[in-house]
Amino acid sequence: MNPQTIVLYDGSFDGFLCCVFEVYAKRITAPIIRKTHQSNNQLFTVTEQILTKENKAQRVWKALKNKTTKTEQNNIFKAFLSEIKGVENTLLNYICHVFNSDYSKKSIDFSNKDILKISQVAKMVGREKHRMEAFVRFQLTQDNIYISTVAPDFNVLPLIIHHFKDRYADQKWLIYDTKRKYGIYYNLNRVDIITFENTAAIDQQMVKNKCGDEEIDFQKLWSTYYKSVTIKSRKNDRLHRQHIPKRYWKYLTEKYTI
């Protein structure tokens, strides 16, 4: 019996593409792709640690671009960002199907369970992206930087960069993911991925403590306005939660007491 191969990578999208490259280059049969930090409790397995190399990742992505549509490429990236357990292996099966068959850009075979799964997951991630774009609320700190903390269900920060860069091009801003411990920072020229040494201190309360008096006054004004325009007789909490799920309320200035 041949042992199964556990393919480990650093968790990045380029790292995953390098796993695909090595699976083909080394003819690894029935691999299981996992992030390096994930434990392995399976018996009779061998481990293959994959180093992330940009040239290998680009070769795989270029091959995918030649075989798939722009929508399918976006779906692959969105599904990867879902961080759903085992999604790498579903993506690998999908990619193998693309490379190993007479795959056509003109028609997508949703009877294939991996293709259907990727499409469904991509839609879930897409909905979370749109919610983040709608529900992010910035607070102006004393350092003159607009900061927002979020904790989305999926790792959607890479997907919202263009939206916020275009919409808030004239001000410095930071959106920090408290769940994944990193953020995207715009310095008026470009957007960078940033991390902090003391990640435990980065939360909504910390940001509020960094706000100046003028920002606090604006928040109070907005909260008062929101309450004053609410017509209690027409209030429909069920419909409200349907459009703005309760898990997003913590981001909204009008929803917390100042």
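**Exercise 1. Confidence**

Task: In this predicted model, find in which helix confidence is lowest and in which it is highest.

Solution:
1. Confidence in the chain is lowest in helix H7 (residues 204–209), where the mean is 68.
2. At the other end stands helix H1 (residues 13–25), with the highest value, 97.
3. For the chain, the mean pLDDT is 86, and 89% of the residues reach 70 or more.
4. Where pLDDT is low, predicted coordinates should not be read in detail.

**Exercise 2. The chain as a whole**

Task: State how many helices and strands the chain has, what share of its residues is buried, and what its accessible surface comes to.

Solution:
1. The secondary structure consists of nine helices and eight strands.
2. Of the 258 residues in the chain, 42% are buried.
3. The accessible surface is about 15,600 Å², and carbon and sulfur atoms account for 50% of that area.
4. Take the contacts between residues at least 6 apart in sequence: 69% of them join residues at least 24 apart.

**Exercise 3. Strand E1 and its partners**

Task: Determine which strands pair with E1 in the parallel sense, and over how many bridges.

Solution:
1. E1 runs parallel to strand E3 (residues 45–49), and five bridges join the two.
2. Within this pairing, Ile-6 stands opposite Thr-47 in E3.
3. E1 also pairs with E2 in the parallel sense, over four bridges.
4. Here Val-7 stands opposite Ile-33 in E2.
5. Five of the six residues of E1 are buried, so E1 is largely enclosed by the rest of the structure.

**Exercise 4. The open sheet**

Task: Give the strand order of the open sheet of five strands and name its edge strands.

Solution:
1. The order is E4-E5-E6-E7-E8, and the pairing is mixed.
2. The edges are strand E4 (139–140) and strand E8 (191–194), each of which pairs on one side only.
3. Inside the order, strand E6 (residues 173–177) runs antiparallel to strand E7 (residues 182–186), with five bridges between them.
4. Tyr-176 stands opposite Gly-183 in E7.

**Exercise 5. Helix H4**

Task: Compare the span of helix H4 (residues 87–100) with the expected one, then decide whether H4 is largely enclosed or not.

Solution:
1. H4 has 14 residues and reaches 20 Å from its first C-alpha to its last.
2. At 1.5 Å a residue the expected span is 20 Å, and H4 comes close to it.
3. Ten of the 14 residues are buried, so H4 is largely enclosed by the rest of the structure.
4. The buried residues of H4 include Val-87, Leu-91, Tyr-94, Ile-95 and Val-98.
5. Polar names occur in the list too, among them Glu-88, Asn-89 and Thr-90.
6. The buried residues of H4 pack against strand E1 (4–9), H1, strand E2 (32–35), helix H2 (54–67), H3 and helix H5 (113–135).

**Exercise 6. An aromatic pair**

Task: Classify the aromatic pair of Phe-13 and Phe-80, and explain what the pair ties together.

Solution:
1. The structure holds 15 aromatic pairs.
2. For Phe-13 and Phe-80 the centres lie 5.2 Å apart, with 65 degrees between the planes.
3. Planes over 60 degrees apart count as edge-to-face, and this pair is edge-to-face.
4. Phe-13 lies in helix H1 and Phe-80 in helix H3 (residues 70–81), so the pair ties together parts 67 residues apart in sequence.
5. Both Phe-13 and Phe-80 are buried.
6. Phe-13 and Phe-80 also belong to one aromatic cluster, together with Tyr-9, Phe-16, Trp-61 and Phe-77.

Methods
Residues numbered from 1 in each chain as written. Predicted model: local features only at pLDDT ≥ 70, side-chain atom pairs only at ≥ 80, totals over all residues. Heavy atoms only, no water. Pairing = 2+ DSSP bridges. Buried < 20%, exposed > 50% of the residue type's maximum accessible area, 1.4 Å probe, protein only. Contact = heavy atoms within 4.5 Å. Areas by Shrake-Rupley, 256 points an atom, 1.4 Å probe, with all protein chains shown as cover. pLDDT = per-residue confidence, 0-100. Phe/Tyr/Trp six-rings, centres within 6.5 Å; stacked < 30°, edge-to-face > 60°. Expected span 1.5 Å × (residues − 1).
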